[in-house]
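Here's a quick tour of the packing and the surface of one protein model. Have a look at it first, then read on.

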Amino acid sequence: MHRLARYRSGRVELWITPCVVTMPPPRSTALVVPTNERLCGTQFAHFPKGGPTPAATKIGERDYDRPRAERLLYQCESVDGIVTEFGGAAYESAIAELPVISGDADYPVRCKTGNAVRVPVATGPLAAFADGLILAVPPFYASLSWRGQLLNAYGNAFSLGPPTRNIAVPLMGAGT
């Protein structure tokens, strides 16, 4: 892990780390998790890079409708996937307690794009984040209003952070 830069008298720092979940910047007490509006994590072994979140019960390894350049991501390749795996039953329970704000039984929306919610999960490998996880829903890059929604996602995530503002924040909405 390496700090690249400090801005605003040390109030904002840019760090390079192999994994923001397992090796967060020092003194981080909360983690922003880029996720989908269903807050369902990565329910599938793999999912399309850049979305949309599949509604089917499973997707196949071969997705012939997508160009070869648009590969699939696996759980361990995304912050959401790692948090879903490490969070276990406590994480699933915290998500299930959040209200469904729109959608239906097949596609329940718990947090709209551009918004964020906080869940107080700090167990197991996620214990380093004593102030909990902040689940933020960035837009897909191809979205027409991605710029404003991405700004809202960051702003809403920061507003839910702890008073100390020691928040680990990965890149959101990059389509990776």
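Let's start inside, with Leu-133. Leaving aside residues up to four places away in sequence, Leu-133 touches Leu-31, Val-33, Val-83, Tyr-91, Val-117, Arg-118, Val-119, Val-121 and Leu-126. Keep in mind that this is a predicted model.

Apart from it lies another core, made of 10 residues, with Val-32, Ala-116, Ile-134 and Leu-150 among them.

Now for the largest nonpolar core, which has 23 residues. Val-21, Leu-31, Val-83, Val-119, Leu-133 and Leu-135 are the ones with the most contacts inside it. Two or more residues each come from strand 3 (30-34), helix 1 (79-96), strand 8 (116-119) and strand 9 (133-136). Which element gives the largest share of this core? That would be helix 1, with 6 residues.

Zooming out, the protein chain has 2 helices and 10 strands. Read from the N terminus, the order goes β-β-β-β-β-α-β-β-β-β-α-β. Of the 176 residues in the chain, 40% count as buried. If you take the contacts with a separation of 6 or more, 57% of them are between residues 24 or more positions apart.

On to the outside. The protein chain exposes about 10300 Å², and carbon and sulfur atoms supply 55% of that area. One thing to look for there is a nonpolar surface patch of about 470 Å², built from Leu-4, Tyr-7, Val-12, Leu-14 and Ile-16. Strand 1 (2-7) and strand 2 (12-16) each supply at least two of its residues, and strand 2 gives the most, with 3. Leu-14 sits in strand 2. Why can Leu-14 belong to a surface patch? Its relative accessible area is 41%, and because patch residues need over 30%, Leu-14 clears that cut-off.

What about the cysteines? The count of disulfides comes to 0. Cys-40 and Cys-111 are both worth a look for their burial, so here they are next to Leu-14, with the cut-off for buried being under 20% relative accessible area.

| Residue | Relative accessible area | Class |
|---|---|---|
| Leu-14 | 41% | partly exposed |
| Cys-40 | 18% | buried |
| Cys-111 | 2% | buried |

Cys-40 counts as buried because its 18% falls under the 20% cut-off. Cys-111, at 2%, is buried as well. Leu-14, at 41%, is partly exposed because that value lies between the 20% and 50% limits.

Key
Residues numbered from 1 in each chain as written. Predicted model: local features only at pLDDT ≥ 70, side-chain atom pairs only at ≥ 80, totals over all residues. Heavy atoms only, no water. Core = buried A, V, L, I, M, F, W, Y, C linked by side-chain atoms within 4.5 Å. Buried < 20%, exposed > 50% of the residue type's maximum accessible area, 1.4 Å probe, protein only. Helix = DSSP H or I, 4+ residues; strand = E, 2+ residues; numbered from the N terminus. Contact = heavy atoms within 4.5 Å. Areas by Shrake-Rupley, 256 points an atom, 1.4 Å probe, with all protein chains shown as cover. Patch = residues over 30% accessible without salt bridge, like charges linked within 9 Å, V, L, I, M, F, W, Y side chains within 5 Å. Salt bridge = Lys/Arg side-chain N within 4 Å of Asp/Glu carboxyl O. Disulfide = S-S within 2.5 Å.
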